[in-house]
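Could you look over the following notes on the model before we discuss it? They are set out as numbered points.

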There are 4 protein chains.
Amino acid sequence: MIIIMEPGATKGQIQNVIDHVHNTGMKTVVNSGVIQTVIAAIGETSKYSTEQFEILEGVRKVERIQVPFKLVSRDSHHSDTIVTVGKNVKIGGDNPPVIIAGPCSVESEEILLAIAKVAKECGAKMLRGGAFKPRTGPRTFEGLGKLGLEFLATARKETGLAVVTEVMDTRDLDLICEFTDMLQVGARNMQNFSLLNEIGKTNKPVLLKRGLSATIEEWLLAAERILDKGNSQVVMCERGIRTFDNKYTRNTSDIAAIPVIRKLSHLPIIFDPSHATGKWDLVAPLSKAAIVTGVHGLIIEIHPDPEKALSDGPQTLNFENFRKLSKELEKLSQTLAITK
Amino acid sequence: MIIIMEPGATKGQIQNVIDHVHNTGMKTVVNSGVIQTVIAAIGETSKYSTEQFEILEGVRKVERIQVPFKLVSRDSHHSDTIVTVGKNVKIGGDNPPVIIAGPCSVESEEILLAIAKVAKECGAKMLRGGAFKPRTGPRTFEGLGKLGLEFLATARKETGLAVVTEVMDTRDLDLICEFTDMLQVGARNMQNFSLLNEIGKTNKPVLLKRGLSATIEEWLLAAERILDKGNSQVVMCERGIRTFDNKYTRNTSDIAAIPVIRKLSHLPIIFDPSHATGKWDLVAPLSKAAIVTGVHGLIIEIHPDPEKALSDGPQTLNFENFRKLSKELEKLSQTLAITK
Amino acid sequence: MIIIMEPGATKGQIQNVIDHVHNTGMKTVVNSGVIQTVIAAIGETSKYSTEQFEILEGVRKVERIQVPFKLVSRDSHHSDTIVTVGKNVKIGGDNPPVIIAGPCSVESEEILLAIAKVAKECGAKMLRGGAFKPRTGPRTFEGLGKLGLEFLATARKETGLAVVTEVMDTRDLDLICEFTDMLQVGARNMQNFSLLNEIGKTNKPVLLKRGLSATIEEWLLAAERILDKGNSQVVMCERGIRTFDNKYTRNTSDIAAIPVIRKLSHLPIIFDPSHATGKWDLVAPLSKAAIVTGVHGLIIEIHPDPEKALSDGPQTLNFENFRKLSKELEKLSQTLAITK
Amino acid sequence: MIIIMEPGATKGQIQNVIDHVHNTGMKTVVNSGVIQTVIAAIGETSKYSTEQFEILEGVRKVERIQVPFKLVSRDSHHSDTIVTVGKNVKIGGDNPPVIIAGPCSVESEEILLAIAKVAKECGAKMLRGGAFKPRTGPRTFEGLGKLGLEFLATARKETGLAVVTEVMDTRDLDLICEFTDMLQVGARNMQNFSLLNEIGKTNKPVLLKRGLSATIEEWLLAAERILDKGNSQVVMCERGIRTFDNKYTRNTSDIAAIPVIRKLSHLPIIFDPSHATGKWDLVAPLSKAAIVTGVHGLIIEIHPDPEKALSDGPQTLNFENFRKLSKELEKLSQTLAITK
């Protein structure tokens with residue numbers, strides 16, 4: 001941490017800052033420049049916020065040199081983490097991109113099974129589906145709850161697909177862990193710290209969606225919290241961010257976040273083109289964009305009849321379009337593997 | 001809800017849309033224009049999302065005419081809601097603005113009592129303080145938990161101030177309800193739907209902070225959820241939003257949200273200048289700005305020694321500055337009352 | 001245009017709105033619904049802003065049905081526009097993606113020629129380079145001016161590459177038109193209406209960069225202005241937008257804008273991975289992402305020694321990396337052409 | 001400027017950075033820390049961009065210590081600049097806030113004179129009005145041009161009000177200087193560097209609006225450019241910024257920018273509540289908010305019949321509302337002066 005003093009800072013103010021740093025257990029190196037003094041704080045800086053020093057009198061600015069995340073950083077763990085979901089789905093590293101497909105919400109056993117079969121047939125390795133699904137407005141369909149989990153378990157049994165579903169409440173965690181292979185943390189809960197803490201104490205793989213307006217750093221710090229509690233099986237999921245324009249897309253797909261996360265962290269990164277775009281006809285081009293930038297997987301909403309889906313219809317692929325996309329992605333992945 | 005068809009929409013597509021509307025129980029009025037057909041859906045539109053109709057073939061666009069929130073809307077409840085906290089703190093309507101003051105986190109009984117006394121002496125009616133305080137990075141101070149609640153209760157007993165504290169986990173709700181007069185929902189939990197549902201089932205007044213990047217409409221819909229579960233004692237709290245510039249202020253103070261909320265809703269609205277600006281020297285001017293736009297209260301972070309505060313130091317007023325601000329706000333409120 | 005009246009609007013207010021619409025020459029279709037009246041204004045709505053009707057008493061909301069742009073819309077011109085630059089560079093439609101390469105600023109004849117040769121050798125069809133280059137801060141290098149244009153002309157002569165350079169001032173337009181094959185409108189000038197008007201009166205192809213925080217619609221309306229003045233040779237250029245996070249990328253690459261523009265408009269769309277990311281090591285993955293989503297070209301900053309470039313060094317590829325990327329893009333384009 | 005090297009940076013890389021700094025004429029102070037080396041570059045850093053050093057091998061990060069603006073900074077000029085417009089309008093310092101009022105566009109001599117008289121009667125010291133007014137969409141009213149300037153001159157003569165109007169094209173500058181007392185740079189031209197350069201060479205006072213998505217720093221750097229060319233009579237104007245929510249306000253009023261600019265710079269700062277909110281009924285509360293935070297003036301759109309205004313009707317006050325607001329602002333300013 002670099003603490004830059006004001007040009008007019010007094011000796012007393014400088015000493016006060018040095019004392020504060022020493023009180024944390026960190027060491028200091030002081031550079032008494034011509035214009036102003038710069039104090040480097042050396043040690044376990046990730047434990048301290050810059051604001052603790054910014055507030056001291058005579059301080060102009062405090063800059064972190066080390067990234068504030070540590071366990072998730074590539075600095076601390078050079079090789080790619082491979083997350084294993086269920087018995088044998090491998091996400092990360094040089095494994096081919098994993099396709100996760102399914103409905104926004106589980107609506108009925110019959111529809112879910114139909115979807116799972118098509119997903120499997122198209123090469124998907126995992127099934128997604130929400131059982132707990134409250135949305136922005138109250139008084140709309142909020143999911144089937146435990147029944148939805150049971151349908152997911154049935155679909156897993158029938159197809160062999162691993163299952164991922166969202167957890168929104170610490171009280172549901174044990175129940176959901178019984179029924180699912182991977183826990184999803186939704187965008188709105190990315191900084192639900194109680195939930196992250198509890199998930200960190202399980203040994204289930206986690207799909208951590210990026211918050212609607214979370215910086216890359218906040219998102220990695222949310223993962224850091226899960227790892228810090230003991231669970232290192234975290235997969236990052238970019239799902240579009242909120243910007244000033246949402247007229248033609250629901251969110252802005254931050255495709256560059258894919259190579260950025262791969263550079264900063266050893267954790268796998270997947271992409272959700274359905275939520276990122278909000279439009280089914282943009283799912284195919286953006287899925288391809290993610291693949292060529294090195295994504296480890298895609299999570300795609302599909303439904304036999306998106307017009308009748310109880311939620312997220314406009315961004316959901318029907319079976320025909322999903323079959324077409326699967327083939328295109330397969331070819332694209334093969335080409336990239338060959339030209340590598 | 002107005003459903004605008006494509007210029008080339010077929011009769012079959014138009015009929016399909018009409019059928020979908022009728023299936024929801026709503027009625028239709030069809031306007032077969034020269035260029036394109038427009039279908040008005042009439043009824044309980046707040047139960048349905050526009051996306052359910054956008055996805056139908058031949059539909060160009062769907063526009064909501066009614067606001068999507070209902071219980072919190074001024075249309076449904078003309079006169080201002082007055083929320084009573086503790087025995088006699090009245091927030092809303094023509095009541096003078098309520099000052100809520102206190103530390104970011106409860107750190108010790110001694111410090112909390114010192115703060116509470118100064119708050120009381122300066123005319124504050126309520127004491128704030130976090131007992132559960134996890135922050136973006138793990139491995140930092142996360143609050144005293146139950147002990148913090150006990151200290152708050154002691155401070156209430158000694159000063160008569162009503163107490164507000166944040167709840168972050170449904171499992172803590174009963175405990176917190178025992179110790180506090182008002183429940184705070186933090187910005188990061190504004191769309192923690194499980195938490196909102198449970199809070200909606202209590203009879204405690206609620207302070208609902210606006211999410212970092214929540215639209216006015218999403219924020220009102222979060223309040224709508226609480227009212228929908230039965231609790232109508234909700235106070236909205238603007239606390240700054242995230243924009244492209246955070247170099248000189250932590251967030252952007254959306255002061256216009258104050259009169260906007262007063263126009264759209266009957267619920268009271270307060271302002272948090274500490275989080276909105278992130279800088280103690282901006283707390284005074286922005287507090288005044290909020291007062292003159294008609295805010296119902298202010299929630300301000302104070303500490304005897306902000307340099308030593310365990311969190312939020314840079315945005316925290318020391319006692320001297322808080323005393324000065326209190327006097328200025330008092331005069332400003334009186335002037336406004338006279339000139340009204 | 002759909003004008004939605006307040007539920008309580010009076011007959012007089014409704015008639016007033018109808019009169020206003022008729023005064024513009026448009027026709028009305030009135031739908032007196034159960035809850036509220038909806039008036040459709042039919043005619044040349046792109047001439048009128050919604051605000052002219054929003055302000056009338058008793059109006060709740062005005063919604064545009066037609067897109068506000070007309071000449072650039074695919075509705076008015078179904079087939080793709082192919083823009084020809086210089087003698088034979090074709091941008092748009094099914095033509096293979098055009099690579100435009102060059103330095104941020106023209107620095108010397110020698111360096112420019114070296115760059116142009118490498119660009120040509122790698123398959124680029126056009127050379128970019130700024131002659132007028134003022135930047136955010138004054139007192140930095142601002143370009144070579146006319147001399148830079150002369151160097152560009154020399155490089156064109158020696159390599160046969162077509163040349164594009166930025167115009168920032170209406171007074172420079174004639175001079176620049178003499179020396180260049182295509183005019184670039186920079187992001188900061190996307191709504192410099194005088195400049196757009198004058199460019200619209202030339203017959204030079206135009207590269208229209210998206211403004212830093214321009215919506216898709218504003219960007220298309222800027223193009224509309226150029227077409228409206230008579231110049232239909234406009235190429236859109238996505239170059240990243242400003243969002244809340246710029247720590248690891250300079251801007252946010254809005255890759256979805258590529259298929260969105262292709263859907264809404266007949267104009268070609270290219271991508272600038274250098275400005276969009278601001279980091280040379282992200283140029284390659286984002287270039288590929290743009291290619292697979294159907295982009296018509298890429299404009300890439302290259303320099304023999306980015307460390308010594310007078311501007312934009314961190315986002316500039318050196319020759320080795322550009323050679324590598326060119327080959328990868330070539331293969332990717334071929335694969336896509338085959339699998340189509 | 002602080003240049004932070006990577007932990008693993010080699011001696012050669014460190015020396016290379018030092019050489020680069022020396023080549024600029026700046027000096028270095030090198031701090032060879034335990035973990036990594038930190039190099040301070042000392043001298044005229046505002047001439048250099050951080051990117052020139054960021055790109056060097058082995059560099060992790062470059063941080064500016066000095067603000068990048070210099071002439072506009074309070075560090076270089078402690079006392080408030082007072083800008084004199086026309087003969088005797090004083091903006092800045094402890095002068096009472098100056099009210100500037102007028103229509104968005106000059107529409108006719110008659111209407112303009114009516115407006116000017118009401119403005120004068122209500123205590124405004126200056127008249128605003130656009131003569132060159134192209135807007136986002138082409139094919140709408142674009143202003144009266146020279147005729148508009150003549151009407152403004154007539155209104156000035158009749159009322160004694162000083163006049164401000166927007167300049168959008170370097171070619172119009174001489175003409176506009178003849179007719180007006182102050183030059184306005186619009187939000188869309190805040191980074192039109194040619195225009196800023198030319199305005200900097202005049203001796204007319206300048207009203208510099210903040211760009212739609214300009215950071216505080218970019219805005220001050222635009223002013224810096226004008227001062228750097230020789231014109232120090234610049235008034236900053238906050239007019240709302242673009243954020244993710246524009247449903248209930250056109251822009252987000254960044255009220256905190258007022259005290260921030262006062263702290264960072266010696267230049268006066270005024271506020272435009274009309275564009276900032278886009279809603280006439282929010283003009284009054286936001287004007288008051290600006291006043292209590294220390295604004296030096298307000299620029300307000302007024303029109304005898306906003307329903308018939310050719311542009312910006314919804315954000316324009318009619319005479320009755322402007323009279324009411326003027327009185328309220330007068331009282332508020334007096335109160336603040338007394339309680340100071």
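The points below take up the basis of the model, one chain, one interface and the symmetry.

1. This is a predicted model, in which local features need pLDDT of at least 70 and side-chain atom pairs count only at pLDDT 80 or more, while totals for chains, interfaces and linings use all residues. Residues are numbered from 1 along each chain as its sequence is written, and chains are lettered from A in the order in which they are written.

2. The C-alpha trace of chain A spans about 75 × 50 × 40 Å along its principal axes, and its secondary structure comprises 11 helices and 14 strands (DSSP runs, H or I of at least four residues for helices and E of at least two for strands, numbered from the N terminus). Of its 340 residues, 61% count as buried, that is, with 20 or more other C-beta atoms, placed from the backbone, within 10 Å of their own.

3. Between chains C and B, 17 residues of chain C are in contact with 17 residues of chain B, contact meaning that C-beta atoms, placed from the backbone, lie within 7 Å. On the chain C side, two or more residues each come from strand 1 (2-5), strand 2 (27-32), strand 3 (37-42) and strand 4 (59-63), with the largest share, 3 residues, from strand 3 of chain C.

4. A turn of 180° and a shift of 0.0 Å along the axis lay chain C on chain A with an RMSD of 0.0 Å (least squares on the C-alpha atoms of residues with pLDDT of at least 70 in both). The two copies are thus related as by a two-fold rotation axis.

Terms used. Two residues are in contact if their C-beta atoms, placed from the backbone, lie within 7 Å. A residue is buried if 20 or more other C-beta atoms lie within 10 Å of its own, exposed if 12 or fewer, and partly exposed in between; C-beta atoms are placed from the backbone.
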